[in-house]
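User: I'm new to this one and would like a close look at a single part. Could you pick out one strand and walk me through what surrounds it?

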Amino acid sequence: MTGTGDETGTDTDGEAYGGSPVGALRRIAFLLERSRAETYKVKAFRAAADTILPLGDEVADRVRQGTLRELPGIGASTAEVIEAVVQGRTPQRLAKLERDTGGPLVEGGEELRSRLRGDLHSHSDWSDGGSPIEEMAFTAMELGHEYLVLTDHSPRLKVANGLSVARLARQLEVVDAVNEHLVGGSGEQRGFRLLKGIEVDILDDGELDQTDEMLGRLDVRVASVHSKLAMDSVAMTRRMVTAVHNPFTNVLGHCTGRLVTGNRGMRKQSEFDAEQVFAACLETGTAVEINSRPERRDPPTRLLELAIEMGCLFSIDSDSHAPGQLDFLSYGCARAEELGLDVDRIVNTWPVDRLLEWARP
């Protein structure tokens with residue numbers, strides 16, 4: 001997905017970003033997020049895109065008049081990008097990012113990635129994500145998704161600005177509005193739906209951190225452990241099995257909670273009886289998440305092989321906290337394909353109607 005120009009800023013047909021300044025700024029932000037750049041490096045480009053989006057021809061006029069930087073949120077780096085596009089050139093920053101980070105994230109998994117219809121685990125700026133709901137949805141559409149499940153955190157996870165009952169209820173109204181705006185009501189016209197979901201905390205006793213009434217209003221629910229990850233193995237097993245048996249649980253998220261790389265440091269995996277937990281998943285039809293975040297790679301290969309051998313269902317999810325991270329699915333697909341996972345056991349290869357029927361409590 002690159003233009004015809006090179007990194008020196010020659011003429012381009014704009015294929016990579018639609019030939020517009022807004023598209024170029026969004027594409028730069030996407031590539032930075034995809035390569036796991038620090039958030040502060042991304043925000044300037046998304047903010048600049050938001051600034052110029054409603055201005056139309058005024059942007060080109062300001063470039064000609066030299067007044068572009070008088071606009072709020074337009075600095076030297078973003079102005080250079082806008083000016084280059086208006087003048088018919090590839091922005092140097094964009095060309096370099098396309099060259100350095102625009103290719104495949106990982107070898108392998110391409111065939112499986114092409115079979116995924118959606119992503120069941122994503123976050124917006126309503127909790128600890130970095131972008132508005134509509135930006136996440138629009139990027140998912142651009143990537144060819146048929147659906148994206150919005151799964152912001154539940155209230156106990158205060159560090160991630162988890163959603164109370166009242167805030168979640170408001171978010172459901174926003175999801176309806178986003179669907180209406182982006183795809184015309186039901187989503188039939190453009191083949192995309194933003195689905196209502198949650199990443200709900202598994203509490204210490206295995207209960208879920210949201211009311212049954214609110215959980216019942218959602219399409220898909222990912223249940224994850226985020227606290228007391230070093231709990232005794234027997235207690236952790238009981239906690240996870242209880243959560244999996246909850247009729248509202250559809251996906252068991254990043255089951256070990258480990259971190260293997262990245263700026264958040266390293267974290268050991270939780271200890272539990274994996275055979276008991278995966279047996280509960282098999283009994284209830286709960287999907288084991290293959291979390292595609294590079295710093296997680298969860299479950300570890302040994303446990304992933306066990307869950308495959310036992311016959312579990314799976315969901316390959318990005319756990320994205322920014323639009324560019326929606327592309328992380330490639331990492332999970334490479335792992336699943338390498339281990340020979342049957343495509344039909346991956347629930348997000350299913351059409352949306354089949355997915356929703358499976359996810360219904």
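Analyst: Here is a walk around strand β6 and its surroundings.

First, some ground rules: this is a predicted model, where local features need pLDDT of at least 70, side-chain atom pairs count only at pLDDT 80 or more, and totals for chains, interfaces and linings use all residues. Residues are numbered from 1 along each chain as its sequence is written, and side-chain values use heavy atoms, with hydrogens and water left out.

Strand β6 covers residues 287–291. Helices (H or I, at least four residues) and strands (E, at least two) are DSSP runs, numbered from the N terminus. Five of the five residues in β6 are buried, so the strand is largely enclosed by the rest of the structure. Buried here means under 20% relative accessible area, with exposed being over 50% and partly exposed in between (1.4 Å probe, protein chains only).

What about the two faces? In a regular strand, side chains alternate between the two faces of the sheet. On one side of β6 you'll find Ala287, Glu289 and Asn291, on the other Val288 and Ile290, and all of them are buried.

Now for the strands that pair with β6; pairing takes at least two bridges found by DSSP. Strand β5 (residues 251–252) runs parallel to β6, joined by two bridges, and Leu252 stands opposite Val288. Strand β7 (residues 313–317) is also parallel to β6, this time with five bridges. There, Val288 has Phe314 as its bridge partner.

Helices link these strands up. β5, helix α11 (residues 274–284) and β6 make a right-handed β-α-β unit; right-handed means that, with the strands pointing away from the viewer, the path from the first strand over the helix to the second runs clockwise. β6, helix α12 (residues 301–310) and β7 make another right-handed β-α-β unit.

Val288 turns up again in the contacts of Phe278. Leaving aside neighbours within four places in sequence, Phe278 is in contact (heavy atoms within 4.5 Å) with Val288, Leu303, Leu306, Ala307, Met310 and Cys312.

Phe278 and Phe314 also belong to the largest nonpolar core, which has 61 residues. Such a core is a set of buried Ala, Val, Leu, Ile, Met, Phe, Trp, Tyr and Cys residues joined through side-chain atoms within 4.5 Å. Along with Leu194 and Ile316, these two phenylalanines touch the most other members. Helix α10 (residues 233–245) gives this core its largest share, six residues.
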